[in-house]
Amino acid sequence: MTSLNAPEPALRVRPAPAGTPAISFIDVSKRFPTAEGRMLEVLRGVSFDLPSTKIVAIVGPSGAGKSTLLNLAAGLILPDQGEVRILGRNTAGAVDWGRVGYMFQDDRLLPWRVALANVTLALEAGAMPAAERRRRAHDALALVGLAEFAKAYPHQLSGGMRSRVALARSLVGEPDLLLMDEPFSRLDAQTRATMHRELLRIHEMRRLSILFVTHDAEEAVVLADRIVVMSARPGQVRATLDVTLSHPRPGTEGAAALVGRLRAMLEETEETKR
Ligand code: ADP
Ligand code: MG
């Protein structure tokens, strides 16, 4: 086919039709080569959706392929079989990074940069003028309650505050989708509970879609609209639970019952591994 018109830019973003899930995993399998030259089967036939503007928690034992699922959602790796769709587009095409935020288990703050400069970092790949980057970073720090600590270095901040800086950095690009890999697992219980309230507040305000990996049943129940329970490796979906309990959930009977149920399922998963 010949055309005299300029080709359509490949990266032009079309809004996904209403009702399109933020993420769809469709029968996804993934294997990795081991150092001994064998293939390690990490995920087998995984299917689930993250509905738009909802929070989905993935729970499962260590090695179940939870981080691999996030890497697939980010388009950092591709499935061997099946398909991963993000905001309606197959990740085999270009992923629109501007719409995706990522928060990791370790906060990955640069020790030689103040909090503000750690947040602007997330915007430095683009063409945004420096003054605009700083303005947005200030807004993101204010959003997580750290406006007063913009000039503090990471070593001057508590664990909870560092976690807030990392959260601000993942939000500063105003993503539609947030991928979170056990982001609060290193915090003490009280600080973690505070971060859960913060995350729920920001989620409510920004209408984000969030995929949240955890190995903690309670964290999943406190946060998620849907919980995907993974089996031990090769990771398969053992159950998908929709959670309709109202917020705030900590300390409620409904939450305690669901945590108990989830823990029992996870223990069974551990036992089948032995
Ligand atoms: P989880 O987050 O549930 O603990 P991961 O997704 O990190 O599990 O890893 C699942 C398995 O896949 C682990 O055994 C890990 O060593 C292996 N794995 C993950 N990524 C790679 C990779 N890029 N190359 C080889 N092996 C990998
Ligand atoms: Mg992991």
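Student: Which residues are around ligand 1?

Tutor: Happy to help, and please keep in mind that this is a predicted model. A residue belongs to this group if its C-beta atom lies within 6 Å of the ligand. The residues around ligand 1 are F32, L40, V42, G60, S62, G63, A64, G65, K66, S67 and T68.

Student: Which element supplies the largest share of the shell around ligand 1?

Tutor: Two elements, β2 (39-50) and α1 (66-73), each give at least two residues to that shell. The largest share is 3 residues, and the element supplying them is α1.

Student: How many residues of the shell around ligand 1 are nonpolar, polar and charged?

Tutor: For this count, Gly is placed among the polar residues. The shell around ligand 1 then divides into 4 nonpolar, 6 polar and 1 charged.

Student: Which strands stand at the edges of the open sheet?

Tutor: Let's follow the order of its 6 strands, which is β6-β7-β8-β3-β9-β10, with mixed pairing. An edge strand has a single partner, so one of its sides is left without a neighbour in the sheet. The strands at the edges are β6 (100-103) and β10 (237-242).

Student: In which sense do β3 and β8 pair?

Tutor: Good one! Strand β3 covers residues 55-59 and strand β8 covers residues 209-214, with 5 bridges between them. In this pair, V59 of β3 stands opposite T214 in β8. The sense of the pairing is parallel.

Student: Which strands does helix α4 touch?

Tutor: Helix α4 (residues 159-171) packs on the sheet, and its direction makes about 160° with that of β6. The strands it touches are β6 and β7 (177-181).

Conventions:
Residues are numbered from 1 along each chain as its sequence is written. Chains are lettered from A and ligands numbered from 1 in the order in which they are written. This is a predicted model: local features need pLDDT of at least 70, side-chain atom pairs count only at pLDDT 80 or more; totals for chains, interfaces and linings use all residues. Two strands pair if DSSP finds at least two bridges between them. Helices (H or I, at least four residues) and strands (E, at least two) are DSSP runs, numbered from the N terminus. Two residues are in contact if their C-beta atoms, placed from the backbone, lie within 7 Å. Axes are lines fitted to C-alpha atoms, for helices over the stretch in contact, and angles run from 0 to 180 degrees between N-to-C directions.
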